[in-house]
Amino acid sequence: MPQGLYSLPVVPVRGRRRVAERSHQLFETIPLAGSYITHMRIRLALLLSLLLIASTIANTSDLALTGAKVYTSPTEPPIENGSILIHDGRIFSLGPSSTSKVPGAARVIDCKGLVVTAGFWNNHVHIFTPALLQVPDSGANKLDQELETMFNKWGFTTVFDLSSALDNTLALRRRIESGELRGPRILTVGEPIWTIEPVYVRDFLEQNHIRITHTETPEQAIALVRDHAAKGANGIKLFTGSYQGQGKVAVMPVAVAKAAVEEAHRCQMPVFAHPQNVDGVNVAIASGVDVLAHTVPQSPPWTSEFVARLQSANMGLIPTLTLFDFEARKGKESDTERQAWLAQMVEELRAYSQADGDVLFGTDIGYTNHYDTTLEFTLMSQAGMSFQQILAALTTNPARKFREADSTGRIAKGMNADLVVLSTDPAQDVRAFADVRYTIRNGNIIYVRPSPSSWQ
Ligand SMILES: [Zn+2]
């Protein structure tokens, strides 16, 4: 796997690792001599093991998606009747079905009438739901169920966790990467850097006995970044603006933000900021932050000058529009107020997107329980984004931003086999991006929509 500026974990091929482990056990436990019955038992066990290994290889290594409409990237015209062959977790070949040869041992998914895109990124999630809070003490079924509900069924093959308890999130990642759980690749910032926590998470943190320190000096910020980098975090999150209630925002001193960003970049990690208001955005720009984790609720309309400042700072923007609908409903705002608030956020996204700003898809799930992505796609479309622009926000934009465009974000020979199979065509209606039939990560099917038997 090509190493980018931001070092992200190398994902093992699940099936191969399992096969290796089984083979190892087999050789360790067979006795060298014994009775005829013992020999027969051993031969039977050997035969069964070999059959198991063979079926594992066929299932996990070779997969063929045939007859699909394939969007290889947001900018290329689709292949109307295309087939994709996957071997060893990567795209082995793709092209028109008429010229593609499917190996006999491959598992074939007939995708006639279906649409295939690269796997989706959700660049703003939290490993903070009740079911995921105690990973070391939780059974696989419970965790699998939550991963499916939150991520797999919406097509996410990579998620960026933008604040959680780092040790717990790393434990979840390890269990997914070992093959025990079915889930996306998890990138994480672990505990965020804040001078003071925002008011809306205070009760949650207290109830769950989660302590996140207040960072008041550049030295403390540098220490936290180094600690996180050593443990395996993939980014850093700053609350450059932290909401304190009644319109008040605690703004991070630029010196603290700058120290954190410089150290994070030295450790090859991108930096995200929760801005909250324009002062929070200004600190993010002044300190060299890479991505705004939200549009900005406490902000005048975005002028072309404001947008140009963000762009010249090479700032990515995660809209999280669904969050504002969620917050307005939680705060029992009237429908009129909720819609006005949403319209303001949609306009910020429109200004950034129309100026060709870098938009990264993200919904803040794990803080919200609104896992369904339909509303986010609808609002992005209302902001004037075309289906190609939304597909770019889901795939190529994060791949480029996080220095992984050589291995992920597009469907091409040699790329990671992270794919989404949709029931309908997002070119006709962007809500189709939420209509996921299969999610495939590294060539392994991690989600199949429950369906009549005729589908498979
Ligand atoms: Zn969040």
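The following exercises, each with a worked solution, concern a predicted model of a protein.

**Exercise 1. Overall composition**

Determine how many helices and strands the protein has, and what share of its residues counts as buried.

Solution.
Step 1. The secondary structure comprises 14 helices and 18 strands.
Step 2. The protein has 456 residues, and 46% of them count as buried.
Step 3. Contacts along the chain may then be considered. Among those between residues at least 6 apart in sequence, 73% join residues at least 24 apart.

**Exercise 2. The nonpolar core**

State how many residues the largest nonpolar core has, and identify what Ile390 touches.

Solution.
Step 1. The largest nonpolar core contains 115 residues.
Step 2. The residues with the most contacts inside this core are Val116, Leu238, Ala260, Val271 and Ile390.
Step 3. When residues up to four places away in sequence are not counted, Ile390 touches Phe377, Met380, Met385, Val430 and Phe433.

**Exercise 3. A sheet of three strands**

Describe the sheet that contains E6, E7 and E8, and locate the helix that lies across E7 and E8.

Solution.
Step 1. The sheet is open, its 3 strands follow the order E6-E7-E8, and the pairing is parallel.
Step 2. Strand E6 (120–125) and strand E8 (185–188) are the edge strands, each of which pairs on one side only.
Step 3. From one strand to the next, the twist averages 20 degrees.
Step 4. Strand E7 (residues 156–161) runs parallel to E8 and is joined to E8 by 4 bridges. Opposite Val159 stands Ile186 in E8.
Step 5. The helix in question is H4 (residues 166–177), which lies across E7 and E8 and runs at about 160 degrees to E8.

**Exercise 4. A sheet of five strands**

Give the strand order of the sheet that includes E9 and E12, and explain why one side of each edge strand is left without a neighbour.

Solution.
Step 1. This open sheet has 5 strands in the order E9-E12-E13-E14-E15, with parallel pairing.
Step 2. The edges are strand E9 (236–238) and strand E15 (358–359); each has a single partner strand, so one side of each has no neighbour in the sheet.
Step 3. E9 and E12 run parallel and are joined by 3 bridges. Ile236 stands opposite Val271 in E12, and Val271 is also among the residues with the most contacts inside the largest nonpolar core.

**Exercise 5. A hairpin**

Establish in which sense E10 and E11 pair, and find the residue of their hairpin that takes a positive phi.

Solution.
Step 1. Strand E10 (residues 241–245) and strand E11 (residues 248–251) are antiparallel and pair over 4 bridges.
Step 2. Within this pair, Ser242 is placed opposite Ala250 in E11.
Step 3. The hairpin has 2 residues between the strands, and Gln246 takes a positive phi near 50 degrees.

**Exercise 6. Two packed helices**

Decide whether H10 and H11 are roughly parallel or roughly antiparallel to each other.

Solution.
Step 1. Helix H10 (residues 321–330) packs against helix H11 (residues 335–354) at an angle of about 165 degrees, and their axes are 9 Å apart.
Step 2. An angle over 145 degrees counts as roughly antiparallel. H10 and H11 are therefore roughly antiparallel to each other.
Step 3. The crossing of H10 past H11 is right-handed.
Step 4. On the H10 side, the residues that meet H11 are Leu321, Phe324, Asp325, Ala328 and Arg329. Their counterparts in H11 are Glu337, Arg338, Trp341, Leu342, Met345, Val346 and Leu349.

**Exercise 7. Positive phi and burial in loops**

Classify Asp88 and Gln276 as buried, partly exposed or exposed.

Solution.
Step 1. Asp88 is not a glycine, yet has a positive phi of about 55 degrees. This residue is in the loop between strand E2 (79–87) and strand E3 (90–96).
Step 2. Gln276, also a residue other than glycine, has a positive phi near 70 degrees. Gln276 lies in the loop between strand E12 (271–273) and helix H8 (278–287).
Step 3. A residue is buried if 20 or more other C-beta atoms lie within 10 Å of its own, and exposed if 12 or fewer do.
Step 4. Asp88 has 14 other C-beta atoms within 10 Å and is therefore partly exposed. Gln276 has 23 and is therefore buried.

Technical notes: Residues numbered from 1 in each chain as written. Predicted model: local features only at pLDDT ≥ 70, side-chain atom pairs only at ≥ 80, totals over all residues. Core = buried A, V, L, I, M, F, W, Y, C linked by C-beta atoms within 7 Å. Contact = placed C-beta atoms within 7 Å. Pairing = 2+ DSSP bridges. Axes fitted to C-alpha atoms, helices over the stretch in contact; angles between N-to-C directions. Parallel < 35°, antiparallel > 145°, perpendicular 65-115°, else oblique. Left-handed = near helix turned anticlockwise from the far one by under 90°.
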